[in-house]
Amino acid sequence: MSRKTDNGQTLPDPLLRATHRYGFYKSSEDLHVNVEVLEAHDETCLTLTLVAATEGWDSLGKQYLYGLVALRLSEDWTILSSGERYYVLTPPQPKENPPDVKPVCSRCGSDRVVRDACVRWSQITRGWVLIDVHECTFCEACEAEGDDLLHWAANDASQPPEAEQ
Ligand SMILES: [Zn+2]
């Protein structure tokens, strides 16, 4: 993925902004451990890719990669897609004029809809970080479930929220 010169220098790439490196010397094994994450930007998103890890230290590389991702998540960036060794993130959206809508059940119209989500522990923030919200929606009112159940409806402030059953 990254291009290197003969002496190991990363060549500048039009999209490349930074290379994050982490390394230490493990004296018991006489081994220099190094991991390297490439940070590339284009107009709409940022990609963080684990491009190098000392043999046998892949999981450390992935932890380091996720640590960099977690920092962005704490700044309200969003994960667009991810794989074993990369994350694509989109920047925080401006919140000045959010549309006045709410998610409702397309079958019964109730706003008592819930979704499952996935969180991962972050060593950096020492807390659970939201990774993904799953597509599937469950309606607590009519107990319907499905990937297409959720609709966005205008928020009618004059209507009181539905009473709990
Ligand atoms: Zn429903």
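**Entry 1: E4 and E5**

I started at Ser81 and looked up its bridge partner in E5, which is Val88. This is a predicted model, so I kept an eye on confidence as I went along. Ser81 led me to the pairing of strand E4 (residues 78-82) with E5: the two run antiparallel and are joined by four bridges. The connection between E4 and E5 is a hairpin of three residues.

Then I checked what else E5 pairs with. E3 and E5 are also antiparallel, again with four bridges. On that side I noted Leu46, which stands opposite Leu89 in E5.

Which residues of E5 are on its covered face, and which on the uncovered one? I found Tyr87 and Leu89 on the covered face, with Tyr86, Val88 and Thr90 on the uncovered face. Val88, the bridge partner of Ser81, is thus on the uncovered face, and Leu89, opposite Leu46, is on the covered one.

**Entry 2: the helix**

I went to H1 next. Helix H1 covers residues 58-74, 17 in number. I looked up its span from first C-alpha to last: it reaches 24 Å, close to the 24 Å expected at 1.5 Å a residue. For burial in H1, I wrote down Gly61, Tyr64, Leu65, Tyr66, Val69 and Leu73 as buried.

After H1 comes Asp76, in the loop between H1 and E4. Its phi caught my eye: near 75°, a positive value in a residue other than glycine. As a reminder to myself, most residues other than glycine have a negative phi. Is Asp76 buried or exposed? Asp76 counts as exposed because it has 10 C-beta neighbours inside 10 Å, and the cut-off for exposed is 12 or fewer.

**Entry 3: nonpolar cores**

I looked for where the nonpolar residues gather. In soluble globular proteins, nonpolar side chains tend to be buried together. The largest nonpolar core here has 14 residues, and Val37, Leu48, Leu50, Leu65 and Val69 have the most contacts inside it. Strand E2 (31-41), strand E3 (46-53), H1 and strand E5 (86-90) each put in at least two residues. Which element gives the largest share of this core? H1 does, with five residues.

I picked Leu48 for a closer look. Setting aside neighbours within four places in sequence, I listed its contacts as Val37, Glu39, Leu65, Leu68, Val69, Tyr86 and Tyr87. Another core lies apart from the largest one; it has five residues, including Cys105, Val113, Cys139 and Leu149.

**Entry 4: the E7-E8-E9 sheet**

This one is an open sheet of three strands in the order E7-E8-E9, with antiparallel pairing. Which strands sit at the edges? They are strand E7 (113-122) and strand E9 (145-146), and each pairs on one side only. I counted two bridges between strand E8 (residues 127-139) and E9, in the antiparallel sense. Thr137 is the residue I found opposite Gly146 in E9.

In the loop between E8 and E9 I came across Glu143. Its phi is also positive for a residue other than glycine, near 65°. Glu143 has 10 C-beta neighbours inside 10 Å, so it counts as exposed.

**Entry 5: Leu150**

I looked up Leu150, in strand E10 (residues 150-154). Why does Leu150 count as partly exposed? It has 17 C-beta neighbours inside 10 Å, and a residue needs 20 or more to be buried. Leaving out neighbours within four places in sequence, I have Leu150 in contact with Pro103, Ser106, Val113 and Thr137. Of these, Thr137 is the residue opposite Gly146, and Val113 is in the five-residue core. I also checked Leu150 against Arg107: they are 43 residues apart along the chain, with C-alpha atoms separated by 8.9 Å.

**Entry 6: whole chain**

Last, I went over the chain totals. I have one helix and 10 strands, running β-β-β-α-β-β-β-β-β-β-β from the N terminus. Of the 165 residues, 13% count as buried. Among contacts between residues at least 6 apart in sequence, 45% join residues at least 24 apart.

On confidence, the mean pLDDT of the chain is 85, and 82% of residues reach 70 or more. Among the elements, strand E1 (residues 16-26) has the lowest mean pLDDT, 86, and E9 the highest, 96.

Notes: Residues are numbered from 1 along each chain as its sequence is written. This is a predicted model: local features need pLDDT of at least 70, side-chain atom pairs count only at pLDDT 80 or more; totals for chains, interfaces and linings use all residues. The expected span of a helix is 1.5 Å times one less than its number of residues. A nonpolar core is a set of buried Ala, Val, Leu, Ile, Met, Phe, Trp, Tyr and Cys residues joined through C-beta atoms within 7 Å. Two residues are in contact if their C-beta atoms, placed from the backbone, lie within 7 Å. Two strands pair if DSSP finds at least two bridges between them. pLDDT is the predictor's confidence in each residue, from 0 to 100.
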